[in-house]
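Here are some exercises to work through with the model open in your viewer. Try each task on your own before reading the solution.

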Amino acid sequence: MTVAALLSAEGLVAGYGEVPILHGVSAHVDPGELVAIIGPNGAGKSTLIKAIFGLIRVTEGTVVFEGEDITRRPPERIVSRGISYVPQVANTFPALTVRENLEMGAYLLNYGISGMISRVNGAVVDALRKLLGLGGARRWYGRTVTKAYMEGRIEAVLELFPDLRPYLKTRTGKLSGGQQQMVALARALILEPKLLLIDEPSAGLAPRLVDAIFRRIQEIHRAGTGMLIVEQNAKKALGMADRGYVLEMGRNRFTGPAKDLLANPDVRRMYLGG
Amino acid sequence: MVLQALLNGLVEASVIVLAAMGLSLIYGVKKFPNFAHGDMMTVGAYFALWATSTLRAGIVVGLIASIIFVAILAVVFELLVFSRLEGRGPVAPLIASVGLALILQNALRVAYGTGQLTYGVPLPDSWVSGVTDPLTGQLVWINPLQGVVPLVFAAVVVALITFILQYTKLGKAMRATSDNADLARVTGIDVRLVRYATWALSGALAAAGGVMLGFRVNGIQPLLGSSVLLLVFAAVILGGIGSPYGAMLGALVISIAQNLFFPFAVLTDTPVQFVLIVPFGIMVLVLLLRPQGLAGRPLGFDLPPLRAELRKLAESVSHSWRRLRG
């Protein structure tokens, strides 16, 4: 590694409850790189993403993002640091309209009254922490922007997903699975993350839609966003990725440039179906 | 009497709707039924009384003071009790809310006794309209204090709550958190702030509902709020629990149906004591036919995850099959 990695996870041991699922997994993503994580069910692919994003307890190992240790930080603070996460399922707010989903993606951008409320809330929380002697661990309250900037961000992601434009005022729950997946990706892109963690973007989608989603992911990649993608469809994932990791039983099994992995006879036999 | 019953139902709905929306908001964000909501209403009614006599101010000032007080009280409940029970499922906070209900109710009993108190606002004469009710031939009437005030006030509050939920960032974040709390967190929504704000709003609604109920029945006693709590639950469940708009609809249906029972009882010689059969009968019927309520989303037990799980299973089976053969 000569380039400073955007994200680097070293020796992660993590899991739900007492039993670890990851037994010392390492992975890194360079700036603007698309990295695929593949492997059989139960290998810990999704768990790795959740561990990076602070959603499950990490007992050993470190996660460093842009030179800063973010291990065990809560997700809301990791989002503010420049990483967005697209869960595999339940990744939209179905009762909200598409536009409201995007606005919620921009929750951390404050303008007008909401900026004021968030600052007052921050000040109150800070004062209370000081009063109760909890130390000055500063919570994070988002970024104050102009309304025009926020609208510009929504416009920018709509340019990437023009299919969503007619549905801005439609309840997201009424959209098709493919459209909902686009809403989820668009929502995650509002904050211009430097790194996007995507858990199984093709889950539950028809093959034609899978291709559409993968094309969008490649577009986002070309725009310079670093990505770490967990994917069942190993062949397709490696087909578009720069690099790949093969996990098995919560450990690193193979690592390398995506085209090497695609050519590797062992990987082919075991994970790509011959 | 039909027109009169409809009008009475509308007035009653205006009190129920205030309480029902507050209950539904909390259910949506905290996912438990708050049994202390009725007694938060009672506290609101008493606090308005206390504020008017202490500040020597009018009832409007008392109402506003009460709304602020109960909103703060609700935030304190979250801070001291309910935030500590987070992640323990719905039973622990439910039981805690029953405990709080008893504490509030008995504290009021100790402080004010069990007698009926009033705001001391003189009860004005009823307004009699020129419209004759087709069934009885009597003129339709409404009392300005007991009827018009709750009706107008509730309409304004419902409009205000709708505005907050639909158009403000915090309101949208409340709906988002109620919809999918896990996603709200990973999106960066300040879920804790949303919870406190929801409690404040719910408390404010409870106080408003309590004072209006005090007007409606022209008397305040320690069981004021808890006596309507079951009716409020019926409205909330009917409308779809967790949906404040469903609560509005549920309150209307329940109250109007209940009041339409009276002319029915007179016509058919049914004892009027059976009136409570109507709201709860409707509630049971709706639960049987449409468990998610009138406006609620289907309790889908999360169909997308299930579908994804099935797909994963199918893929792992076919994967192992290929491995076995290859």
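**Exercise 1. Find the loop of chain A that holds Ala90(A), and describe the backbone and surroundings of Ala90(A).**

Step 1: Ala90(A) sits in the loop between β6 and α3 of chain A. Helices (H or I, at least four residues) and strands (E, at least two) are DSSP runs, numbered from the N terminus.

Step 2: Check the backbone. Phi of Ala90(A) is positive, about 50 degrees, although Ala90(A) is not a glycine. As background, most residues other than glycine have a negative phi.

Step 3: Count neighbours. Ala90(A) has 17 C-beta neighbours inside 10 Å, so it counts as partly exposed. The cut-offs: a residue is buried if 20 or more other C-beta atoms lie within 10 Å of its own, exposed if 12 or fewer, and partly exposed in between, with C-beta atoms placed from the backbone.

Before going on, a word on conventions: this is a predicted model, where local features need pLDDT of at least 70 and side-chain atom pairs count only at pLDDT 80 or more, while totals for chains, interfaces and linings use all residues. Residues are numbered from 1 along each chain as its sequence is written, and chains are lettered from A and ligands numbered from 1 in the order in which they are written.

**Exercise 2. Do the same for Glu192(A): where is it found, and is it buried or exposed?**

Step 1: Look in the loop between α6 and β9 (195–199) of chain A, where Glu192(A) is found.

Step 2: Phi of Glu192(A) is near 50 degrees, a positive value in a residue other than glycine.

Step 3: Glu192(A) has 12 other C-beta atoms within 10 Å, so it is exposed.

**Exercise 3. Work out how α3(A) is enclosed and what covers its buried residues.**

Step 1: Seven of the eight residues of α3(A) are buried, so the helix is largely enclosed by the rest of the structure.

Step 2: Name them. The buried residues of α3(A) are Val98(A), Glu100(A), Asn101(A), Leu102(A), Glu103(A), Met104(A) and Gly105(A).

Step 3: Ask what does the covering. The cover includes α5 (147–160) and α6 of chain A, together with α6 (169–179) and α7 (181–187) of chain B.

**Exercise 4. Describe how α3(A) packs with α6(A).**

Step 1: Get the geometry. Helix α3 (residues 98–105) of chain A and helix α6 (residues 177–189) of chain A pack at an angle of about 35 degrees, and their axes are 7 Å apart. Here axes are lines fitted to C-alpha atoms, for helices over the stretch in contact, and angles run from 0 to 180 degrees between N-to-C directions.

Step 2: List who meets whom. From α3(A) come Val98(A), Asn101(A), Leu102(A), Met104(A) and Gly105(A), and they meet Val183(A), Ala186(A), Arg187(A) and Ala188(A) of α6(A).

Step 3: Sort by class. The contact of α3(A) with α6(A) has six nonpolar, two polar and one charged residues. The classes: Ala, Val, Leu, Ile, Met, Phe, Trp, Tyr, Cys and Pro are nonpolar, Asp, Glu, Lys and Arg are charged, and the others, Gly among them, are polar.

**Exercise 5. How many residues of chain A and chain B are in contact?**

Step 1: 33 residues of chain A are in contact with 29 residues of chain B. Contact means that the C-beta atoms of two residues, placed from the backbone, lie within 7 Å.

Step 2: On chain A, α2 (75–81), α3 and α4 (112–131) each supply at least two residues of the side that touches chain B.

Step 3: By class, that side of chain A has 17 nonpolar, eleven polar and five charged residues.

**Exercise 6. Profile both chains and decide where to be careful.**

Step 1: Chain A has ten helices and twelve strands, while chain B has twelve helices and two strands.

Step 2: Buried residues make up 41% of the 274 residues in chain A and 47% of the 326 residues in chain B.

Step 3: Check pLDDT, the predictor's confidence in each residue, from 0 to 100. The mean is 88 for chain A, with 96% of its residues at 70 or more. Chain B averages 87, and 94% of the residues score at least 70. Over residues 298–306 of chain B the pLDDT is below 50. Where pLDDT is low, the predicted coordinates should not be read in detail.

Step 4: For the complex, the predictor gives an ipTM of 0.88 and a pTM of 0.87.
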